[in-house]
Amino acid sequence: MRADARKNYEHLLAVAREVVAEQGADASLRDIARKAEVGLGTLYRRFPTREALLETLLRETFDNLSARAKELMLAKDTGAALILWVREAVSYAQNYRGVIATMVAAIEDPESALHDSCVVMRAAGAELLSRAQSEGKARIDMEGFDLFALISALAWLRDQPSFLPRADYLFSLITSSIFTNVASSR
């Protein structure tokens, strides 16, 4: 990519990141184009769908979470490492209000632009979970899918103004369910 084209692309992404952070995952693409001072056609040439734009914005986040999971695999306390990673995943999701519904749908849809990134992130968490399970610190009846569901639920709770005052308590309450070795009935 030419230097000027790369600069324009990076500017468009920076504006998109800002607008999506302000308005959430359903941010107006027209607002993004207007604020970036490009035509809507330019935006659509770069990102043919809202999902393609979100995938580009979230890919860095998912890559960071995957790298962080690899770092945490070396931690002595596997349970603490897992909870720290879950906390960071929920925190990252807060950067883009409303993105959780899109991520949950994308992980089930291989045709989604977000699918691969979501699968990689879920696999990173599943590795941390598996390590904690192998040391007897996490319940054995959980899978990576369950962990992804808990992260989704926690991120959704943080998106709800009425739950925000109790967000830390709810985080502790929900994540404590990871650390019992009692099998749930499925």
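Helices, as named here, are DSSP runs of H or I with at least four residues, numbered from the N terminus. In this predicted model, the helix α4 gives the most to the lining of the largest cavity, contributing four residues.

Internal space was examined across the whole structure. Rolling a probe the size of a water molecule over the atoms shows where empty space is left. The structure was found to contain two cavities of 30 Å³ or more. The largest cavity encloses about 60 Å³ of space. Its lining is formed by Leu 58, Thr 61, Phe 62, Leu 65, Ala 89, Tyr 92, Ala 93, Met 103, Met 121 and Ile 151. Two or more of these residues are supplied by each of two elements, α4 (50-72) and α5 (78-93). In chemical character, the lining of the largest cavity comprises nine nonpolar residues and one polar residue, with no charged residue. The polar residue is Thr 61, because Tyr, Leu, Phe, Ala, Met and Ile count as nonpolar whereas Thr does not.

The second largest cavity holds about 40 Å³ of space. Leu 154, Leu 157, Arg 158, Ala 167, Leu 170 and Phe 171 make up its lining. The elements that provide two or more residues to this lining are α8 (144-159) and α9 (167-176). The lining of the second largest cavity divides into five nonpolar residues and one charged residue, with no polar residue. The charged residue is Arg 158, because Arg is counted as charged and Leu, Ala and Phe as nonpolar.

Methods: Residues are numbered from 1 along each chain as its sequence is written. This is a predicted model: local features need pLDDT of at least 70, side-chain atom pairs count only at pLDDT 80 or more; totals for chains, interfaces and linings use all residues. Side-chain values use heavy atoms; hydrogens and water are left out. On a 1 Å grid over the protein atoms alone, a cavity is a set of points where a 1.4 Å probe fits but cannot get out, and a pocket is an open set with protein on both sides within 12 Å along at least five of seven lines; lining residues have an atom within 4 Å of a point. Grid points are joined across faces, edges and corners, and a volume is the space filled by probe spheres set on the points.
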